[in-house]
Number of protein chains: 6
Amino acid sequence: MSNPAFRLIEELTLPQVRERVRPSSVLVLPIGSVEQHGPHLPLTTDRLIASEAARAVARRCGEALDLWFLPTVAVSKANEHAWAPGTLWLRAETLLSVVNDVAASAATTGARRLVFLNSHGGNTALLVVACREVRLAHGLQTFLLHPFLPPDHGGRSTSAPAGELGMGIHGGHDETSIMLHLRPDLVDMGLATRRVPDRLAANRHVRFGGSVPFGWTSDDFGPDGHIGDPVGATAREGRELFQGAVEMLCEQLAEIATFEFGVDPEGPSR
Amino acid sequence: MSNPAFRLIEELTLPQVRERVRPSSVLVLPIGSVEQHGPHLPLTTDRLIASEAARAVARRCGEALDLWFLPTVAVSKANEHAWAPGTLWLRAETLLSVVNDVAASAATTGARRLVFLNSHGGNTALLVVACREVRLAHGLQTFLLHPFLPPDHGGRSTSAPAGELGMGIHGGHDETSIMLHLRPDLVDMGLATRRVPDRLAANRHVRFGGSVPFGWTSDDFGPDGHIGDPVGATAREGRELFQGAVEMLCEQLAEIATFEFGVDPEGPSR
Amino acid sequence: MSNPAFRLIEELTLPQVRERVRPSSVLVLPIGSVEQHGPHLPLTTDRLIASEAARAVARRCGEALDLWFLPTVAVSKANEHAWAPGTLWLRAETLLSVVNDVAASAATTGARRLVFLNSHGGNTALLVVACREVRLAHGLQTFLLHPFLPPDHGGRSTSAPAGELGMGIHGGHDETSIMLHLRPDLVDMGLATRRVPDRLAANRHVRFGGSVPFGWTSDDFGPDGHIGDPVGATAREGRELFQGAVEMLCEQLAEIATFEFGVDPEGPSR
Amino acid sequence: MSNPAFRLIEELTLPQVRERVRPSSVLVLPIGSVEQHGPHLPLTTDRLIASEAARAVARRCGEALDLWFLPTVAVSKANEHAWAPGTLWLRAETLLSVVNDVAASAATTGARRLVFLNSHGGNTALLVVACREVRLAHGLQTFLLHPFLPPDHGGRSTSAPAGELGMGIHGGHDETSIMLHLRPDLVDMGLATRRVPDRLAANRHVRFGGSVPFGWTSDDFGPDGHIGDPVGATAREGRELFQGAVEMLCEQLAEIATFEFGVDPEGPSR
Amino acid sequence: MSNPAFRLIEELTLPQVRERVRPSSVLVLPIGSVEQHGPHLPLTTDRLIASEAARAVARRCGEALDLWFLPTVAVSKANEHAWAPGTLWLRAETLLSVVNDVAASAATTGARRLVFLNSHGGNTALLVVACREVRLAHGLQTFLLHPFLPPDHGGRSTSAPAGELGMGIHGGHDETSIMLHLRPDLVDMGLATRRVPDRLAANRHVRFGGSVPFGWTSDDFGPDGHIGDPVGATAREGRELFQGAVEMLCEQLAEIATFEFGVDPEGPSR
Amino acid sequence: MSNPAFRLIEELTLPQVRERVRPSSVLVLPIGSVEQHGPHLPLTTDRLIASEAARAVARRCGEALDLWFLPTVAVSKANEHAWAPGTLWLRAETLLSVVNDVAASAATTGARRLVFLNSHGGNTALLVVACREVRLAHGLQTFLLHPFLPPDHGGRSTSAPAGELGMGIHGGHDETSIMLHLRPDLVDMGLATRRVPDRLAANRHVRFGGSVPFGWTSDDFGPDGHIGDPVGATAREGRELFQGAVEMLCEQLAEIATFEFGVDPEGPSR
């Protein structure tokens, strides 16, 4: 009989689920996306990062934190790239239904905590909504993690080049570096070009990472599809970024694994 | 005939809409909420702040920026307070439909820009989703503004007391101060108590303003309903906070009023 | 602390809701609309009438009948005017969801009776549907009131001029008179013209107030948007109409406040 | 080959539909209901009346007015009787979808007019909504007819006994008489009893036919299920009522068959 | 009082439903369709077959098997013929809602078994889905019967001519024969022509009755609308086919009437 | 640059999609399920078979037939196993939305053919529905393939033992053999037991593979969750079954790749 190496719940049998998925267990649902990433990166970029981050986290802290991984959601809300053939997307309502149904399933196991491990920025806001909806509908504690938070969702890169102006949100320096680390065979650096929306970067508020969220699609910034400057990306930086992300995810999951709302012993603070 | 004082679109007639709402106009939809705010603040807190912020912005920069205000959405997604009688809430799907339908209406006017001016943190993520959906479905440029961003959505208060531990997200020091400024007759400071989730504040990641969004309802932190320390709130601080917010909103709206995605004249950057 | 002047539930705190909203209380949800009303009346006409009627009713009988008012729904089902820029509308499904969600919220208070106070004819049939759906889904007793019932919903005007032929259903004599009373600054009588569908009025059955309801949009009758003859409207008639409506609403609410289905003491009649 | 006797569209072949259903044709969708009608009447009462009225109308004026009948909708919105086994009901959303889909189908024929011929009061308000929705979505002219309008929808009976107090809305004198005319074998007059809600009848506003629509289910008035006084019903009165209804329907359909919104030749009235 | 001849539940009164619809009863919902059937058959073909099969089954074994028939669903999922005027269709979601709502109603009676008696191949897959959904949602045991299974759903005709190549799925030899038996007045054999998709028949897998289901509409095979060879159809064959079908339905219903999942007395097999 | 070994569309870049996904290409969407399979097989059984079949097909005939594979849908409609913790399921509406959205995405590529490669019997009927819906909504030609068709969907096993009585539909001899071939480390033959519903097998019509589809859940047949007799399963048989399935899939895909509805050159047959 197998000792499931990567803590995949799907590799368990029914009696094993009953025995091994307990109140102390943390269920993790990786969520990626298949969508255009410019001429130099494959559609799979976000899907791959979600799956690989999940795998690395499972190896590093899966046993210690009693994590169990659900199958990666490969197709999600990528309609900002709907203009590009090959992009696969679910409407907002569909993704919300998928996440809700999976959560309803998860709530029948012994686990009480469900984590969305999301690698696609286009899902982030909807998953914040889902965290509350799932908690109200199914009673699970819910959490949202990201291997890498792009600048338009509050992420701050320390490795991105200055010339990216903090606008490397899609197929830019960091993401390209990570892909050079994970699957260099799928990257064509010969087609990597700088595509930074200088005009947007000149704004104070309405910009990626600015104080004003705004509606956009990736072709609002040009026909190539990526936003950032992948020219100087390297596998070495990719490896460091990826390892750092996995470490951080394990640190966050450790906090999640023991998280309780519970009012403090001496009652609410005064 | 009236000269609409506050730039309310509803005070126009049909011929006036045709003449005055133009491509340069910016439509603003204020969105508040009616929900429990602990024993010291009225249900109307968020609704009132949305309406009053809209009114003050209209006075300060409505004419200059060609703003037109839609009627305030008074009831929105407040299901984190659904446990408390008096809270009025729409389900996520309902609010998304309301916003979508209003946007479809708005798209038949001459204006090309629509701003959500939201005062309720429970709506924020859903409205980020709506920004993209509306843009794709109806072609409008969309933006999301907040008079005050609570700590769990990235806001950083400079006036909140240290003892609030950055957890003053609902009925805390700042919000109470603002209500003391706007409607002191509706505030009962005699019932103001410190309700800070010290245990949560001790977390590094899973906390308001931390790196991990999580699903919660306001009664997860105790039976009173507010989260923060309103004890030292003052109308003076409230006035300063409010005036600062209105200034910032006008600054943001100025950027919105001339915002264009357009690729830079010399083509995409290289 | 405030003594809520107009019986607005939103001006209460949570403890006040618990104490003051009781089984004897009647919740009132005013529902207006923002929609074109021809060249002489503002979009706000229905929204304003709903709000002002609610306010006047609250003053006149709110205390005596233990009424509590929910915030006015400003945007509703106005798709018969969807052709006109500035009209804001919700689809039928959306309005049904809004009303249902608000009713679900209301059902968590102590009150057992919910009244829709609707000023827009385009909502009437849908709200009749909602009365039953809400009663079945949430157990509340439900009622539908109108400040003024237009001729196409069974209303019979005693003040409208004969030349209106009973067709003054939108921006006609009575509605214009009421607006001259409530907000003369928003009325442009210089643009008031007679727009009576004489051909329709010649019908016996398929006409406003006839025995055959039919599907129509306001541009079916011409490009101006109003249907009726506002030329002779006066503020004096408007005041009388409005005061009469408020009196009637209080009379209806008095009956509602003590309404019980209960089978008669001596059992069902025989 | 058949000469379709009753103008049933379903008895045509495809080439016949193409040839015979023209812009001048009027499509009629009969809508009934299968629901409890007290101990003396069968569930089929409304379904039967819809079908029989349609058949009689087809015979009387079908040819002259170029009417084509769609198959009777047998199950509709009867949830006011959902407590009673044997009642079959569709939710409001479902019936709206059914009517919309059938209308979408109808819009592909040559006809431009669609009539709902409805015998069940519980559908009336929803079908008024549908008249507008169908017109906006599919461009058809839409109309709503009733063989008999119960008192709670504005009907005024001249044959009902005084002791029914205008409350004979379900299984009362008139409906029972009609069933004695149409299908006496399905009526059990030995179980006919007076069930008039005297208390409700004493109300001025909140009563069937009063000025205030309200949410009710048929068991709100007692366990028997009917509301009215069927004791003195006779087949003779039923025949007269039915024949009168058919005459009236043909009169209404004659008006519908030539109905046009068209602005009067000399332009809108002034 | 009537002795309901055809076991129609709608001919019962409420007290009769309570007495006569028992746990041993089997509810049968006939489902037909109104849709183009080529130039020689009427739109009603499937609707008529569903109703007539139900009637014949009721006569033959209704009493013995305690069957109760719900009203025939006349309009269903016929969008493969949506291109043809006169076809009436419900969307998949609508039909699923109709079936679900009727099942919810049926579940309030004493019966525990619900049978869909479906004559339209376009519904088959959706009704297989409904069997499971209804069982999970309402607890009823559910079954799907067909009077005649067309070749694309596994049916094997013994009477169809060889030249039909097993492709007689819509308006072909067998269906035309049955219509010649049931309603010869509605059949125009003068317009009967062979329309067999020879190219499709040459396929091994992607063909009606092959191993690969595929998406098609009836105009994919030519403009006439039927698929098969009705030229040699006869009423005699139709009568035999129909009688054979009724016999088979009664045999299937006999098995259904005593069907239990129940684990075998001596426990699960080993 | 990579030469995508397994014809995964996600491994392409945007320019590659534009160049390589052509009208001659066939898109394949593998659909599996994660659900209980009794005590001896892992939850992943169906998911794994879908993925592995896709991979093997890609290797064998992907290049020749110009196939491009979309990411496997891992979670689908498995609510017949919803009682068992670990089963993950989507509601029927959700899966239909997922498939529809993915098809809408696929329709923006150059390909005109979309194949569902489904390994889970619980999806089959819904995917037959989807074939038609997708074709009507998005214009794609659609096809449904199965690596192995269980007996309840018309499959006929030649390798299953006689004692399985044709009831080996879930975790039985064949499926267990295949898993012993694909992932023996995940199979626990020590827990393999015969669980054949003898009583059901005794039926003529209401049985797996009988003429009457019926609603069931897997716990209707006992608490263990599998249905069949896996005791004698062997990896050797599994390999043969799997290889045979891959051969058959390539044969079916070859027919699909050149499939055209097109009317025969000499016009419709006569």
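## A phenylalanine with contacts in two chains

Start with F:Phe143. Once you set aside neighbours within four places in sequence, F:Phe143 is in contact with residues from two chains. On the chain E side, the partners are E:Val206, E:Val212, E:Pro213 and E:Phe214. Within chain F, the list runs F:Arg113, F:Leu114, F:Val115, F:Phe116, F:Cys131, F:Ile256 and F:Phe259. Keep in mind throughout that this is a predicted model.

Where does F:Phe143 sit in chain F? Its home is strand 4, which covers residues 141-145. F:Phe143 has a relative accessibility of just 1%, so it counts as buried, the cut-off being under 20%. For a sense of distance, take F:Arg22: along the sequence it is 121 residues from F:Phe143, and in space the two C-alpha atoms are 18 Å apart.

## How chains E and F pair up

So much for one residue; now for the two chains it links. Turn chain E by 180 degrees, with a shift of 0.0 Å along the axis, and it can be laid on chain F with an RMSD of 0.0 Å. That is the relation of a two-fold axis. In chain E, the C-alpha nearest that axis belongs to E:Ala125, at 2.4 Å.

Which surface do the two copies use to meet? Every bit of it is shared: 100% of the interface residues of chain E are also interface residues in chain F, so the copies meet through the same surface.

## Chains A and B, and who doesn't touch

Chains A and B give a matching kind of description. Chain B superposes on chain A by a rotation of 180 degrees with 0.0 Å of shift along its axis, at an RMSD of 0.0 Å. B:Ala125 is the residue of chain B that comes closest to the rotation axis, with its C-alpha at 2.4 Å. Here too the same surface serves both copies, since 100% of the contact residues of chain B recur in chain A.

Other pairs of chains stay apart. Chain A and chain C do not touch, and their nearest C-alpha atoms are 15 Å apart. Chain B and chain F don't touch either, again with 15 Å between their nearest C-alpha atoms.

## A threonine in a loop of chain B

B:Thr217 is worth a click. You'll find it in the loop between helix 6 (198-201) and helix 7 (235-257) of chain B. Is B:Thr217 buried or exposed? Buried, with a relative accessible area of 9%.

Leaving aside neighbours within four places in sequence, B:Thr217 is in contact with A:Arg135 and A:Leu136 from chain A, plus B:Glu80 from its own chain. B:Trp83 is 134 residues away along the chain, yet its C-alpha is separated from that of B:Thr217 by 8.6 Å.

## Two residues with positive phi

Next come two backbone oddities. C:Arg7 has a positive phi, near 60 degrees, in a residue other than glycine. C:Arg7 lies in the segment before helix 1 (14-20) of chain C, and at 4% relative accessibility it counts as buried.

E:Leu165 also has a positive phi, of about 60 degrees, although it is not a glycine. This leucine is found in the loop between strand 4 (141-145) and helix 5 (173-182) of chain E. E:Leu165 is partly exposed, with a relative accessible area of 35%.

## Chain A from end to end

Now zoom out to a whole chain. Chain A has 7 helices and 4 strands, and from the N terminus on the order is α-β-α-β-α-β-α-β-α-α-α. Its radius of gyration is 19 Å, close to the 18 Å that the globule rule gives for 270 residues, so chain A is as compact as a globular protein of that length. Along the principal axes, the C-alpha atoms fill a box of roughly 55 × 50 × 35 Å.

How much of chain A is buried? Buried residues make up 66% of the 270. Among contacts between residues at least 6 apart in sequence, 76% join residues at least 24 apart.

On the outside, the accessible surface of chain A comes to about 8,700 Å², and carbon and sulfur atoms account for 52% of that. As for charge, chain A carries 24 positive and 31 negative charges, and the mean positions of the two sets are 3 Å apart.

Terms used
Residues numbered from 1 in each chain as written. Chains lettered and ligands numbered in written order. Predicted model: local features only at pLDDT ≥ 70, side-chain atom pairs only at ≥ 80, totals over all residues. Heavy atoms only, no water. Rg over C-alpha atoms; globule rule 2.2 N^0.38 Å. Buried < 20%, exposed > 50% of the residue type's maximum accessible area, 1.4 Å probe, protein only. Contact = heavy atoms within 4.5 Å. Areas by Shrake-Rupley, 256 points an atom, 1.4 Å probe, with all protein chains shown as cover. Lys, Arg positive; Asp, Glu negative; His and termini not counted. Charge placed at Lys NZ, Arg CZ, Asp CG, Glu CD. Least-squares fit on C-alpha atoms with pLDDT ≥ 70 in both.
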